[in-house]
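Hi there,

Here is the structure I promised to pass on. Have a look at it first, and then read on for what turned up in it.

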Amino acid sequence: MRSFMKSSARHWVAMALAVAAMAARAEIYTLGDSLSDAGSLGITYTDPASVGPLVAGRIWIQNLTWSTPAFCAKRSKCAWSPNTYYYRDGNNYAVGGAGVMFDSTDARTPNTFTSLGSQVASLIGSGKLKEGDAVTVLMGANDILAAAAKPDNSQTVVAHAAASFVQYVTALAAQPTQPHVYVFTIPDLGQTPIGRGAADGGALLSKLTQVFNDKITTGLGATPGVAFINSSTIFDELSQQLPGYPIYCAKVIDPTHACGSSTNPALPSPVSLLFADPMHPSQAAHALIADWVRDVIK
């Protein structure tokens with residue numbers, strides 16, 4: 001009996017070690033646009049420190065992977081590095097300027113396979129996904145912004161983008177490795193500086209954001225392996241901790257809107273702001289987003 005108990009104990013210990021080893025090997029992959037881009041274009045806080053002190057730092061997914069080693073088996077693939085480009089060996093497939101329905105138009109994008117469909121196809125085709133891996137998807141803001149420029153059929157355009165989003169994510173979740181897919185809803189773009197500064201005060205952007213979010217949550221709500229992260233909840237909490245509109249310190253997308261101008265009062269430290277520019281979170285906000293997401297993705 002004692003021998004059996006020892007054998008059983010060794011068996012369970014071995015199983016526990018095997019499970020632990022599998023968990024340690026699990027990684028996180030990221031699909032999206034500039035809100036998640038960790039190197040493809042170097043927008044806002046993905047820029048190296050040499051570009052300027054106000055744009056140096058990590059975005060949320062970099063903070064998450066660096067503080068949670070289990071999410072990245074090889075650190076060099078999750079840090080800011082030219083090797084994080086999705087068409088190479090990295091884990092971050094996000095490219096600034098990309099949309100669900102279109103590729104990034106930024107001239108700095110060496111390859112144009114940057115739409116959500118292309119990112120999903122590239123990740124699936126790479127053979128990287130293993131059992132236990134997680135994939136975050138945050139995409140759609142650029143589709144909404146593009147649609148808002150042509151208001152007459154903007155809701156139809158956004159609804160079509162959302163339907164395609166559902167199609168791509170469904171295909172990703174259906175992979176044999178059964179990845180854990182975490183879908184971010186789009187934060188209310190009407191409440192960003194670019195929205196609040198619009199003639200309608202952001203009403204159209206808020207409406208289009210709602211259309212997109214309603215379509216993807218309804219379309220993916222019962223999809224196995226898919227969980228949602230509510231971006232509006234995150235930004236509601238951030239807005240209580242960090243000063244938001246109309247204050248932001250732009251150094252990349254809107255270089256004329258510098259802190260200290262007559263329309264943009266200077267604060268002791270630009271990293272204490274909610275926004276880095278009219279659309280993107282600040283370095284401090286990215287760090288807080290990572291903290292929030294860490295509690296969701298265990």
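When I say that residues pack against each other or are in contact, I mean that they have heavy atoms within 4.5 Å. With that in mind, start at helix α4 (residues 141–148), whose buried residues pack against α5 and α7 (203–220). This helix is mostly covered, with 6 of its 8 residues buried. Those buried residues are A141, N142, D143, I144, A147 and A148.

**The model as a whole**

Please keep in mind that this is a predicted model. The mean pLDDT of the chain is 76, and 64% of its residues reach 70 or more. Two stretches need care: pLDDT stays under 50 over residues 250–258, and it also stays under 50 over residues 260–271. The model has 21 contacts beyond four places in sequence for residues 250–258, and 21 such contacts for residues 260–271. Where pLDDT is low, the predicted coordinates should not be read in detail.

The chain holds 9 helices and 4 strands. Read from the N terminus, the elements run α-β-α-α-β-α-α-β-α-α-β-α-α. Of the 298 residues in the chain, 47% are buried. Among contacts between residues at least 6 apart in sequence, 71% join residues at least 24 apart.

**The core**

The largest nonpolar core has 59 residues, and those that touch the most other members are L31, V137, F165, L172 and F212. Helix α5 (residues 154–173) gives the largest share of this core, 8 residues.

F212 is a good place to zoom in. Leaving aside neighbours within four places in sequence, F212 is in contact with V100, M139, G140, I144, V158, A161, A162, F165 and I186. One of these partners, I144, is among the buried residues of α4.

**Helix α3**

Next, look at helix α3 (residues 116–126), where L116, G117, S118, Q119, V120 and L123 are buried. Their cover includes β1 (28–32), β2 (134–138) and α5.

Two residues of this helix are worth a click. The first I would pick is G117, which sits in α3. G117 counts as buried because its relative accessible area is 16%, and the cut-off for buried is under 20%. Leaving aside neighbours within four places in sequence, G117 is in contact with V100 and Y168. V100 also appears among the contacts of F212. From G117 to A171 the C-alpha to C-alpha distance is 9.8 Å, although the two are 54 residues apart in sequence.

Then there is L123, also in α3. L123 is buried, with a relative accessible area of 0%. Beyond four places in sequence, its contacts are Y29, L31, Y93, K128, L129, V135 and L172. L31 and L172 are also among the core residues that touch the most other members. L123 and V135 are 12 residues apart in sequence and 9.8 Å apart in space, C-alpha to C-alpha.

Just after α3, G127 takes a positive phi of about 75°.

**Pocket and cavities**

Rolling a probe the size of a water molecule over the atoms shows where empty space is left. What does that give here?

The largest pocket has a volume of about 330 Å³. It is lined by 20 residues, and the closest to its centre are D188, Q191, F235, L274 and F275. Helix α8 (residues 231–241) gives the most to this lining, with 4 residues. By class, the lining has 12 nonpolar, 5 polar and 3 charged residues.

How many cavities of 30 Å³ or more are there in the whole structure? The search finds 3, and the largest cavity has a volume of about 90 Å³. The lining of this largest cavity is made up of L35, W60, L138, F184, P187, S231, I234, F235, P281, H286 and I289. Both α8 and α9 (283–296) give two or more residues to it, and the largest share, 3 residues, comes from α8. By class, this lining has 9 nonpolar, 2 polar and no charged residues.

F235 turns up in both places: it is among the residues closest to the centre of the largest pocket, and it also lines the largest cavity.

Happy browsing, and best wishes

How values were computed. Residues are numbered from 1 along each chain as its sequence is written. This is a predicted model: local features need pLDDT of at least 70, side-chain atom pairs count only at pLDDT 80 or more; totals for chains, interfaces and linings use all residues. Side-chain values use heavy atoms; hydrogens and water are left out. On a 1 Å grid over the protein atoms alone, a cavity is a set of points where a 1.4 Å probe fits but cannot get out, and a pocket is an open set with protein on both sides within 12 Å along at least five of seven lines; lining residues have an atom within 4 Å of a point. Grid points are joined across faces, edges and corners, and a volume is the space filled by probe spheres set on the points. Ala, Val, Leu, Ile, Met, Phe, Trp, Tyr, Cys and Pro count as nonpolar, Asp, Glu, Lys and Arg as charged, and the others, Gly among them, as polar. A nonpolar core is a set of buried Ala, Val, Leu, Ile, Met, Phe, Trp, Tyr and Cys residues joined through side-chain atoms within 4.5 Å. Buried means under 20% relative accessible area, exposed over 50%, partly exposed in between (1.4 Å probe, protein chains only). pLDDT is the predictor's confidence in each residue, from 0 to 100.
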